[in-house]
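Notebook open, structure loaded. I'm jotting down what I look up as I go.

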Amino acid sequence: MNTLFPYPTLVGEIEVRVKQVRIDGKPLSLSVVSRPQRAVALHQVERPNWEDGSIDLEVTLPELELADGPWSEVACVAILTEGSTNTRVVRRLQRDRLSSTWSGSVPVLRAMHRDRATLNVSAVATVGGVAGRTIGTADEAWIIDLLARTPVRQREIEIAEADFRDGPQEWLRPFKDAPWLVETAGEMPTILLNSSFEGITQLLKGSGNPLEKAASGLVAAQIAGEAWTAMFHSAVADLELDDDGAPLIPSGWRESVLRTMLPDVLPGLALADALIEVHNRHAAGYGWAELQSQIHFAASRRAQVPKNLTTAVRAITRSQEGATR
Amino acid sequence: MQDGQEFGPWLGRQLRRQNMSQAELAERLGLTRAAVSAWITGRAQPRAEMVRDIASVLGTDIATVHNRTTDAVTARPVRWYHRPAHADGGREFGNAAAFAFDADLAVLAREATQNSLDERLDTTQPVRVRFTLHELSGEHLSSFLSALKWEQLEAHYEAASESRQKVGRVLAEGLREMQETNSLLLLRVDDYNASGLTGPEYEDGRFAAVVRRQLDSHKSSDRAGGSYGLGKATLWATSRLGLVLINSTLSESHEGRTTRRLVGRLDLPWREVNGSPYAGPAWLGEADTEKDFEGVSRSWWADEKTASELWLERESAAPGTSFLIVGAHDAAGDADSLQEMHDKLSAALADNFWAAMTAGSSANAMLEASVCTMRNGSLVIPERRVDPRERHSALVRALRAYLDHETVPELTASEEVAYARVPLVVPPLRNTGRQAKGVEHQAVLLVTSADDEDQQHSRLVCMRGSRMTVMTRRPRDLGIGVDPFQAVLLAGYATGEGTEDVHAAEAFLRASEPPEHDRWGTTDELTATYPGASRRLTEFRAAMDSALREIVGRRPTRDVRGPEVLRTLLRLDIPASGGGRRADGHPVVRSVEGEVDAAGAWSLRVFLKIPPREDPWLLTPVAKFDVRSGGRPTLSWSELTAVENCRIVDGVVVIDPEVRSAAFGGVTAVGSHPVSATMAGVTVDIQKARGASA
C-alpha cells in the first residue's frame with residue numbers, strides 16, 4: 001500500500017548496510033549478519049548475559065535527487081523499534097563528505113528489548129517551511145534478533161519436547177495424557193511434544209521401513225492440522241482495528257497464517273475483504289459456525305493430510321500384500 | 001659510442017653483409033688475414049688510420065665505423081621471404097596452435113599480457129603493457145601498406161584466400177573488408193620493462209621462440225604462467241590477415257645492439273604463387289647473408305623512419321616488445337565498433353589481471369596496463385590506466401590487505417579481510433625414489449564481504465605464479481544462508497613467499513593445468529610426474545572449502561527445531577500446496593496521485609488494475625490518513641468522479657465487465673479530516689461494496 005504525502009518525497013532508494021556489530025564492546029563475527037535477509041542475530045552462546053550492544057550502519061541516500069530537490073536541512077536517522085516493549089531509539093547518522101554515505105551507530109540495550117527489534121532508516125528534511133518531515137524510508141527494515149543465533153528473517157514455528165508428567169513446567173501436568181499440545185498465545189506458536197508419552201518422539205523421527213514412515217507422516221499431518229487451525233483462530237481473535245472498525249493485516253506469523261489460509265477459507269475474496277468478512281463473523285458471531293468446515297479444510301490442506309493419508313494407505317496395502325505372499 | 005657494438009662482431013657482420021671474406025678485406029687493406037681475424041675475434045683493435053681505410057673499403061664514413069650504431073650499408077633491401085613448400089609435398093592449411101584459443105580480444109589480452117608478465121625484467125617495478133587500437137584509412141592506409149611492402153604479399157594473399165579451408169575463408173573476409181571499407185584496424189601491444197626478444201635469429205632464445213617456432217615455451221623462469229607456448233599464437237589468430245609486425249628493444253644486446261629489432265611474420269596456409277608452391281609462414285626482414293640461411297628474411301636493426309612508417313616506433317628506450325597485429329578483429333563478434341573493442345580490452349585486462357595490478361603500500365604492482373584508441377594517427381579515446389578497483393573492488397581490497405599485512409583471523413566488519421592457510425601436500429617426483437617425502441605447501445586464503453555491486457560473488461578465485469587467475473570455483477558445503485563474499489586463494493609464487501615448498505607447489509600446480517590454464521585437474525604430465533597427484537588435488541579442494549567455511553559459514557544452531565517431518569508441514573514462508581493461485585484475482589490499486597487543493601482537501605486520482613471477468617465489479621474506495629501506530633482515521637468523500645472505464649453510482653465505483661484497467665478521481669471531505677491534510681499522508685484502498693454481489 002503506498003502512502004501519498006502532501007509534500008514531495010524521495011523516489012530513489014535508501015540503502016542500508018550493517019557494517020559491524022558489537023556486544024559489550026567486542027566485535028562479533030560477520031556471520032551474525034545476513035545482508036540478503038537483512039537480519040542480525042545477537043544471541044551469543046559464549047556470552048548470554050551481554051548488556052550493551054551496538055550496530056554500525058552505512059546508508060546511501062539518493063544524493064543526486066536530494067541535491068536537485070526542494071528539501072533542505074536533510075538528516076538521516078536510524079530508528080530501532082520493538083513493538084512488544086514499545087521501545088523506540090532514534091540516532092542521527094553523520095554524512096561522510098568523501099564517500100557521500102551516512103554512517104553511525106545504533107545502541108541495542110539488552111534491558112530495553114524482549115526478543116526482536118526492527119531497525120529502519122529514514123531521511124528527514126524541511127519541506128515547504130515545515131521541519132522534520134520524513135521524506136523517505138528504506139524499503140525493508142532490518143531485523144535485530146536478540147534470541148537467534150543465525151540471522152534469518154522468517155521465523156519458524158517452534159517445536160519443543162517437554163515432559164508433561166514430571167517436567168518442571170507445572171502447567172503441563174493436567175495435559176499429561178496428551179501426546180502433544182499447540183500453544184499460540186506466545187510471540188511464536190509453539191508445539192510441545194510430550195516426552196512422557198511413550199514413543200511419540202521416536203515415531204516422529206520415524207525412518208526405516210515404509211510403514212514407520214507412513215505412520216510418522218500421518219501423525220505429523222495431524223499435529224500440523226491442529227496447529228494451523230489453532231493459529232488461524234488465534235490470529236483472527238487478535239486483530240487490531242482501524243478507526244472505521246476495519247481490521248488491519250497483522251504482522252509476523254499471524255500475517256503469514258492469514259495470507260496462506262484465507263484464500264482457502266473464503267475463496268474468491270481479496271485479502272482485505274476476506275479479513276473484514278472473517279472478522280465480522282467472528283466478532284458478531286453469525287456465520288462463524290459455518291466457517292469452521294472451511295477453516296478445517298484450509299488447515300488440513302496446509303498440513304498435507306490427503307497426501308500423507310494416501311501414503312499411509314498404500315504402505316499398509318503393500319505390507320499386507322507382502323504378508324500374504 | 002655507448003650504443004655502439006663491439007668492433008669485432010660489427011666488422012664481421014659488415015663483411016657478411018657485403019659478401020666479402022676476411023682474406024679479401026686483408027688484401028685490400030694490405031694486411032694479413034690473421035690481422036683481420038684478430039679484429040673480428042676481438043683480440044686486437046685497428047689503429048686510427050686503419051679505421052679510415054676500413055671505412056673506405058666498406059664504402060662508408062669514418063663516424064659509422066667509430067660509432068658502429070648502424071650497419072655500413074643500411075640499404076640492404078627489406079623484403080618478404082616466403083617459406084617454400086615442403087619437399088615431401090605436405091601441405092598445412094593453417095596453424096593448429098592458433099586454434100587452441102578463440103580469436104577473441106579478451107583471450108588475446110589475457111595471453112599477451114601474461115607473456116609480458118612472464119618476461120618482467122626489473123622485478124621491483126611493474127611491467128607496463130599498453131594496448132592501442134588504431135584504425136587506418138585512406139592516405140594513412142596506403143602509406144602503411146607501402147611501408148609494409150604489400151605488393152610482395154598481394155599475390156600470396158589472393159592465392160591463399162582462394163583456399164576453401166577455414167583459414168582461407170577468414171583471409172578472404174579480411175581482404176574483402178579492407179578493400180570495401182578502405183580501412184584497416186591495427187592493434188598494437190607494447191610492453192616496457194620486459195626482456196624483449198633477445199637471442200639469436202634461429203637458435204634457442206626468446207626471439208626464435210616467438211618468431212621462428214611453434215609450441216616453444218621459452219620461459220625465462222619457473223615463475224612463468226604458461227608452459228605450452230600456445231599463448232603467442234593468439235597474436236596471429238587475432239589478425240584476420242595472419243600478419244604481425246614486431247619491434248623489440250632488447251634487455252641484452254644481440255649483435256652488439258639493443259634498439260629497434262624489427263621483424264614481421266605472416267602465417268598463411270599452403271599456396272601456389274606463379275607456379276611455385278609455398279608452405280605456411282613468411283617473414284619480413286633483410287635477406288640473410290649467412291650461408292645456411294641464404295635468402296631467408298631475418299630481423300633487422302631498423303632506423304627511426306622505418307619504424308614510424310610501420311607504426312612500430314616505441315615511446316621510450318625501456319626494453320620490451322611491440323607487437324602490431326595487422327587487421328585485428330574480435331572473432332567472438334561481440335565487439336565491432338572501436339569503442340566496444342576498447343571497452344572489451346579494458347574489461348578483459350581488469351578481469352584477468354586485477355591481482356597483478358594491485359599494489360600494496362610498500363609493494364609495487366606487477367603490472368600496469370592501459371588501453372587507448374587512435375584513428376589515422378590521432379587519439380580518439382585517450383590512454384587510460386586500467387584500474388582494477390573499478391570492476392573488482394572487493395577482491396582488490398582482499399589482496400591489498402594481504403600485501404599490507406592488515407588481515408584479520410575472523411571477519412567482524414564488512415571492510416575487513418580474513419586470512420587463513422590452506423595446506424597442499426605436494427607429492428615427491430616419481431623419479432626421486434620410494435623414500436622421498438612430499439612437502440606441504442601452505443596456500444593463502446583471503447576472504448572479504450562482497451560489494452553490493454559485485455555481479456559475481458561467493459566464488460573462490462584460485463591463482464598462482466604472477467597472480468594469474470587459474471580458475472574460479474564455487475565452493476561446496478558452505479552451509480545455507482551464507483552472505484555474499486569474495487575469496488582469493490594464492491598458491492605457489494602468488495603467495496609472494498620464496499620457500500622451497502612454494503617452488504614445489506608452483507611446479508605441481510602448473511603441471512596440473514591444461515593448455516587453457518583454467519583448472520587444476522589431472523593431466524598427462526601430472527600423473528606422469530607425481531604419484532597420487534589426483535588425490536592430493538582432491539584434498540586441496542576440500543581444504544579450501546573447509547577453510548572458507550570456517551570464515552564465512554554460519555555457526556551451527558542447536559538442533560531444537562523438532563522432527564523434520566513435522567517442520568516441513570509448518571513452514572510459514574511457502575504458499576499453500578496445490579494452490580496454483582490465479583495472479584491477482586481481485587482489483588488492486590496500482591497507483592495513486594494527488595495533491596492537497598486550495599480548500600485543504602485531498603484531490604486524488606486512483607488507478608486500478610482489474611482482472612477481467614463477465615460481471616461488473618462494485619467497489620467502495622476508502623481513504624485513510626496514514627499514522628505510525630493505532631487506528632487510522634477514515635476520511636469521507638465529498639466528491640467521486642469517474643475518469644476511465646467506470647461509473648460512480650451512490651458512492652460505489654462500478655466497473656464494467658471485461659475491463660482491465662480503470663481510474664477514478666476523488667476529493668475528500670475537509671470536515672472529516674481530524675488534522676489538516678497538509679500534515680498527514682493518505683492511503684487509498686478499495687473494498688468490495690457492501691451488500692453488492694461480488
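**Salt bridges**

I ran the salt-bridge rule over all chains and got a count of 53. Worth remembering that this is a predicted model, so I'm reading contacts off a prediction.

I began with a pair inside one helix. A:R259 and A:E255 meet through their side chains in a salt bridge, 2.9 Å from N to O. Both sit in helix α4 of chain A, four residues apart, about one turn of the helix. How open are they? A:R259 is partly exposed, with a relative accessible area of 40%. A:E255 is partly exposed too, at 26%.

Next I went to chain B and looked at B:R206. Its partner in a salt bridge is B:E119, with the closest N and O atoms 2.7 Å apart. I placed both ends: B:R206 is in helix α10 of chain B, while B:E119 is in the loop between α6 (105-118) and β2 (127-137), so the pair ties together parts that are 87 residues apart in sequence. Buried or exposed? B:R206 has a relative accessible area of 13%, which is under the 20% cut-off, so I log it as buried. B:E119 is buried as well, with 13%.

Then I checked B:R261, whose side chain meets that of B:E201 in a salt bridge (3.6 Å, N to O). This one links distant parts of the chain: B:R261 is in strand β5 (residues 261-267) and B:E201 is in the loop between β3 and α10 of chain B, 60 residues apart. B:R261 counts as buried at 1% relative accessibility, and B:E201 counts as buried at 3%.

I also pulled out a network. B:R128, B:R130, B:R188, B:D190, B:E315 and B:E383 are linked by salt bridges.

**A residue beside two of those arginines**

Which residues does B:T198 touch, once those up to four places away in sequence are dropped? I get B:G205, B:R206, B:F207, B:L250, B:S251, B:E252 and B:R261. Two names there are old friends: B:R206, the salt-bridge partner of B:E119, and B:R261, the partner of B:E201. B:T198 itself is in the loop between β3 (183-192) and α10 (206-211) of chain B. It counts as buried, at 4% relative accessibility.

**Aromatic pairs**

I searched the whole structure for ring pairs and found eight over all chains. B:F7 and B:W39 make an edge-to-face pair, 6.4 Å centre to centre with 80° between the planes. B:F7 lies in helix α1 (residues 7-17) and B:W39 in helix α3 (residues 33-40) of chain B, so the pair ties together parts that are 32 residues apart in sequence. I have B:F7 down as buried at 2% relative accessibility, and B:W39 as buried at 6%.

The other pair I opened is stacked: B:Y402 and B:Y419, 6.1 Å centre to centre and 15° between the planes. Here a helix meets a strand: B:Y402 is in helix α14 (residues 388-403) of chain B and B:Y419 in strand β13 (residues 417-426), so parts that are 17 residues apart in sequence are tied together. B:Y402 is buried, with a relative accessible area of 11%, whereas B:Y419 counts as partly exposed at 28%.

Back to B:F7 for a moment: B:F7, B:W10 and B:W39 form one aromatic cluster.

**Where the chains meet**

Last, the interface. I find 70 residues of chain A in contact with 66 residues of chain B. The area buried between the two chains is about 5,500 Å², and carbon and sulfur atoms give 53% of that. Which residues of chain A lose the most area to chain B? They are A:L4, A:R35 and A:I159, together 13% of what that side buries.

For charges, the rule finds three salt bridges across the interface. One I looked at joins the side chains of A:D242 and B:K624, at 2.5 Å from N to O. I also get 17 residue pairs in polar contact across the interface, with both residues at pLDDT 80 or more.

Several elements of chain A each supply at least two residues to the side touching chain B, among them β1 (15-23), β10 (130-137), α3 (210-237) and α6 (288-302). α3(A) gives the most, with eight residues. By type, the chain A side divides into 36 nonpolar, 16 polar and 18 charged residues.

Key
Residues numbered from 1 in each chain as written. Chains lettered and ligands numbered in written order. Heavy atoms only, no water. Contact = heavy atoms within 4.5 Å. Buried area = accessible area lost by both parts, 1.4 Å probe. Salt bridge = Lys/Arg side-chain N within 4 Å of Asp/Glu carboxyl O. Polar contact = N/O pair within 3.5 Å; in protein donor to acceptor, adjacent residues only side chain to side chain. Nonpolar A, V, L, I, M, F, W, Y, C, P; charged D, E, K, R; others polar. Buried < 20%, exposed > 50% of the residue type's maximum accessible area, 1.4 Å probe, protein only. Phe/Tyr/Trp six-rings, centres within 6.5 Å; stacked < 30°, edge-to-face > 60°.
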